[in-house]
Amino acid sequence: MSDTVIDVRRLPPPERHATIFSAFQALTPGQAIELHNDHDPRPLHGQFLAQWPNQFDWAYVEAGPDLWRVRIQRKAAGKSCCGCCGG
């Protein structure tokens, strides 16, 4: 199975994160997206950590200077303390 590529370089900046989050939420465990960006998406990684702790793997495929490619794979949901936060 090949990863869905999301090239956010073609999107207006205000639409980028929402597009990525929507694509990630549509994944089933084991599926992945490959993000293409014109800068290091480190702030996005922080948002993933806050929203989906322990629910994804993040791997740089290419790290600049002109193109960053990041593979984001959905992991199986882990157990949390009460289940309300999704963590």
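How accessible is R69: buried, partly exposed or exposed? R69 comes out as partly exposed, with a relative accessibility of 22%. Keep in mind that this is a predicted model. A few notes from going through the strands and charged pairs follow.

1. **The β3/β4 pair.** Strand β3 covers residues 56–63 and strand β4 covers residues 68–74. The two run antiparallel and are joined by 7 bridges. If you want a handle on the register, look at D57, which sits opposite Q73 of β4.

2. **The turn between them.** β3 and β4 make a hairpin with 4 residues between the strands. G64 is the one to check on your Ramachandran plot, as its phi is positive, near 70°.

3. **E34 and R69.** On to the charges: the structure has 8 salt bridges, and one of them brings us back to R69. Its partner is E34, with the closest N and O atoms 2.8 Å apart. E34 belongs to strand β2 (residues 32–37) and R69 to strand β4, so this contact ties together parts that lie 35 residues apart in sequence. The acid is the buried partner here: E34 has a relative accessible area of 12%, while R69, at 22%, is partly exposed. The cut-off matters for that reading, because buried means under 20%.

4. **R71 and D3.** Strand β4 has another charged contact to look at. R71 pairs with D3 in a salt bridge whose closest N and O atoms are 2.6 Å apart. R71 is in β4, whereas D3 is in the segment before β1 (4–7), so the link spans 68 residues of sequence. Both ends fall in the intermediate class: R71 is partly exposed at 29% relative accessibility, and D3 is partly exposed at 21%. With the buried limit set at under 20%, I'd read the D3 label with its actual value, 21%, alongside.

5. **D7, R9 and R10.** These residues are linked in a network of salt bridges. Within it, the R10 and D7 side chains meet at 3.6 Å, N to O. That distance counts as a salt bridge because the criterion is within 4 Å. The two partners sit in opposite classes: R10 is exposed, with a relative accessible area of 71%, but D7 is buried, at 17%.

6. **What to pull up in the viewer.** Which residues does β4 use in the cross-sequence contacts above? They are R71, which reaches D3, and R69, which reaches E34 of β2. Display them together with the antiparallel β3 partner strand and you have the picture described in these notes.

Notes. Residues numbered from 1 in each chain as written. Predicted model: local features only at pLDDT ≥ 70, side-chain atom pairs only at ≥ 80, totals over all residues. Heavy atoms only, no water. Pairing = 2+ DSSP bridges. Buried < 20%, exposed > 50% of the residue type's maximum accessible area, 1.4 Å probe, protein only.
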